[in-house]
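Hi everyone, thanks for making time this morning. I'd like to walk you through the aromatic rings in a model and the strands around them.

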Amino acid sequence: MWKTISNLLFHIDKNGFTYLNTFRKRANASSSTAYSGRIQIITFEDSGNDKIMACEPTAALEFPMRIVVWEEEGDIYIAYINPAFYKRRHHVRGCDEVINDLNKRMIRVVNDAIKKQQ
C-alpha cells in the first residue's frame, strides 16, 4: 500500500495539486463481513477550488479534496469523489471548465499511480 500512496503523492504534485496531509485510520469491523484494516486518506487542494466555491459556496464542503486508499485481501483500492459530482450535489452553476479540468486531472493522478504499480 505504501508504494501506491507514494505514487499518488508524486502524481498529485505532478498534476498541479497541492498536497496537504495523509491521515491513517483503522476500521474495526464488528462482523466478519465488514472491512477491518488500515485506511489512508490523502488530502490536497487546487486553485480551481476557489473558483468552484465562488460559483456555489456550499461546494466548500467538498474541500480539501481526498483520495482514500485501503488494502483488502492483498488488493489495493483507491476511491475519490469525481469533481463532476460537485456540480450535481451542490447545484453549481457555471464553472464547467474548472470542474472538467479537475475531473481530468484526478483521473490522471489515479491512473498514473496505478500504472506505476504494474
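**Rings and strands**

Let's begin with a charge and a ring: the charged end of Arg105 sits over the ring of Phe17, 4.3 Å from its centre. Please keep in mind that this is a predicted model.

Now, how many aromatic pairs does the structure hold? There are 3. In one of them, Phe17 meets Phe44 edge-to-face, with 5.1 Å centre to centre and 70° between the planes. That pair links distant parts of the chain, 27 residues apart: Phe17 lies in the loop between α1 (2-14) and β1 (18-27), while Phe44 belongs to strand β2, residues 37-45.

Are these two rings' residues buried or exposed? Phe17 has 3% relative accessibility, so it counts as buried. Phe44 is at 0%, so Phe44 counts as buried as well.

Another pair is Trp70 with Tyr77. Their ring centres are 5.4 Å apart and their planes are at 15°, so this pair is stacked. Trp70, at 21% relative accessibility, counts as partly exposed, and so does Tyr77, at 34%.

Back to β2, the strand that carries Phe44. β2 is mostly covered, with 7 of its 9 residues buried. Which strands does β2 pair with? β1 is one partner: the two run antiparallel and are joined by 9 bridges, and among the contacts Thr22 has Ile42 of β2 as its bridge partner. Strand β3, residues 65-72, also pairs with β2 in the antiparallel sense, over 6 bridges. There we meet Phe44 again, since its bridge partner in β3 is Met65.

Thanks for listening, and I'm happy to take questions.

Notes: Residues are numbered from 1 along each chain as its sequence is written. This is a predicted model: local features need pLDDT of at least 70, side-chain atom pairs count only at pLDDT 80 or more; totals for chains, interfaces and linings use all residues. Side-chain values use heavy atoms; hydrogens and water are left out. Rings of Phe, Tyr and Trp (its six-membered ring) pair if their centres lie within 6.5 Å; planes under 30 degrees apart count as stacked, over 60 as edge-to-face and the rest as tilted. Helices (H or I, at least four residues) and strands (E, at least two) are DSSP runs, numbered from the N terminus. Buried means under 20% relative accessible area, exposed over 50%, partly exposed in between (1.4 Å probe, protein chains only). A charge sits over a ring if NZ of Lys or CZ of Arg is within 6 Å of the ring centre and within 35 degrees of the ring normal. Two strands pair if DSSP finds at least two bridges between them.
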